[in-house]
Structures are given as structure tokens and as C-alpha cells.
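Hi,

Here is the structure I promised to pass on. Have a look at it first, and my notes come right after.

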Amino acid sequence: MVPVSFASFAFAGQEFALAPSRALYWAEERALLVADLHLEKASWYASRGQMLPPYDSRETLSRVADALRETGARRVFCLGDNFHDSHGPSRLEPHAAGMLDALMRAVDWVWITGNHDTKDISVKTEGVAELAVRGIALRHEARPGETGAELSGHYHPKLRVTARGRSVARPCAVASERRLILPAFGALTGGMDAADPAILGALQPARAIDALVPAAGKLARFPLWRGIETA
């Protein structure tokens with residue numbers, strides 16, 4: 001059963017549910033999809049003199065574990081940029097490494113590689129560039145001109161709205177008719193405006209593009225772009 005905090009919606013003929021935690025649950029596959037974990041980002045910054053609390057991997061993996069418990073998912077698809085750099089796996093401190101090992105033993109875990117990853121991610125498994133499941137392409141970055149169903153990450157979309165004179169930014173998914181970009185899941189990830197031309201361009205061709213934000217178990221849709229209607 002999908003938790004009440006997850007907002008259900010139909011996409012590409014399948015039932016999905018988006019959580020405030022930024023995880024996507026795929027009911028038919030009993031799978032959890034997360035994008036852009038960027039594990040060990042803090043230690044990467046620390047190696048360059050910018051000292052950040054070195055616990056981002058623990059927090060990110062704890063949130064994955066929470067989502068697995070909530071959904072009962074039996075499979076995880078990580079949609080790329082799993083570690084912040086190719087040496088990230090070797091910097092995992094013992095506690096975080098133990099958390100990741102336990103998660104990977106508990107469920108079927110699939111690493112899809114992104115632009116921050118190497119094919120061999122050194123966590124007892126090998127990543128793949130992309131794969132297709134039930135006719136939906138799973139990859140890190142939206143493929144230009146793709147007309148089939150697709151789930152991806154890479155852009156870290158955030159919806160920026162102004163309410164009562166205050167600007168608010170929230171991670172969101174961005175969707176066209178058959179393509180969906182997930183928000184970044186990692187604890188230490190920034191974001192790009194969901195209406196940025198790079199994101200809108202990545203989802204072309206499209207008739208409409210919306211930002212999707214889960215709230216109180218319901219999915220709020222915010223129009224970002226509409227094509228020109230022809231007679």
C-alpha cells in the first residue's frame with residue numbers, strides 16, 4: 001500500500017507516487033526510484049578546503065531506508081550521480097558504508113551511472129548507462145528529442161513561487177506527457193529553477209510541461225510551459 005504522504009498519479013500507463021522526500025514509488029514494479037544522491041559531496045568539498053559536516057551520506061541513506069520501510073519496495077533504481085565524484089566510494093566512513101551495504105543486501109539495487117559516476121562504482125556492483133523497464137527508459141539525463149516514455153534526473157529541479165511577498169523554493173519533479181525528471185534526492189544537493197530553459201528544452205518535443213509537487217498526499221501541478229495551439 002502506498003503511504004498517505006505519497007501523492008499518486010498515472011504516468012506512461014503505470015501508477016507512480018511521489019513523496020515529499022523526493023522518492024518516486026513505482027507500484028507495479030514495487031520499486032523505489034531516486035536520482036542524484038551525490039553521496040560524499042561534503043567530503044569532496046572538505047578535500048578542497050571547504051569544511052562541511054561529513055554526514056550527508058548518512059542522512060541520504062537514512063532517507064532511502066525510510067522510504068523503503070514506508071513503501072515496502074523490493075527494488076531500488078538510482079538514476080545517476082550516485083556519488084559526487086569517482087573517489088566517493090572510497091571515502092565512505094564505516095557507518096555510512098555499513099548502511100549502504102545493508103540496503104543493497106535487503107533489496108534488488110540497480111545503479112544507473114551519471115556524469116559524476118564511473119561505470120565501476122566500487123560498491124560490489126557495476127552501474128549501467130540506462131535500461132528499459134515496462135517500456136519506460138530509465139537514464140540519468142533526459143535524451144534530446146526522445147519521444148518514448150522516460151524517467152531521468154540530472155537537473156535537480158526546484159519550483160520557485162512567490163506567496164505573500166515571500167519567495168519559496170521546493171524540490172519538484174518536472175513532467176511532460178511521457179517524460180519525467182525527478183528532483184535530486186541527496187541531502188546536500190542544490191537546485192535549478194524548474195522553468196529554466198535547459199529543463200524545458202530537455203523535455204522537448206512536448207505539448208505541455210508541469211512542475212509536480214506532493215503536498216498532504218495530493219499532487220499539485222504548476223504549469224511551466226505550454227506549446228502553441230494550432231487550428
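Below is what turned up, starting with the inside.

This is a predicted model, so local features need pLDDT of at least 70 and side-chain atom pairs count only at pLDDT 80 or more, while totals for chains, interfaces and linings use all residues. Residues are numbered from 1 along each chain as its sequence is written, and side-chain values use heavy atoms, leaving out hydrogens and water.

The largest nonpolar core (buried Ala, Val, Leu, Ile, Met, Phe, Trp, Tyr and Cys residues joined through side-chain atoms within 4.5 Å) has 27 residues. Buried here means under 20% relative accessible area, exposed over 50%, and partly exposed in between, with a 1.4 Å probe and protein chains only. Among the elements giving two or more residues to this core are α2 (56-71), α4 (94-106) and β6 (108-112); helices (H or I, at least four residues) and strands (E, at least two) are DSSP runs, numbered from the N terminus. The largest share, 5 residues, comes from α2.

L68 is one of the residues with the most contacts inside that core. Skipping neighbours within four places in sequence, L68 is in contact (heavy atoms within 4.5 Å) with L32, A73, V76, L103 and V107. There's also a second, separate core of 23 residues, including L33 and L151.

Two phenylalanines to click on: F83 sits in the loop between β5 and α3 (88-91), yet F83 is buried because its relative accessible area is 2%. F222, in strand β16 (residues 218-226), counts as partly exposed because its relative accessibility is 33%.

Cheers
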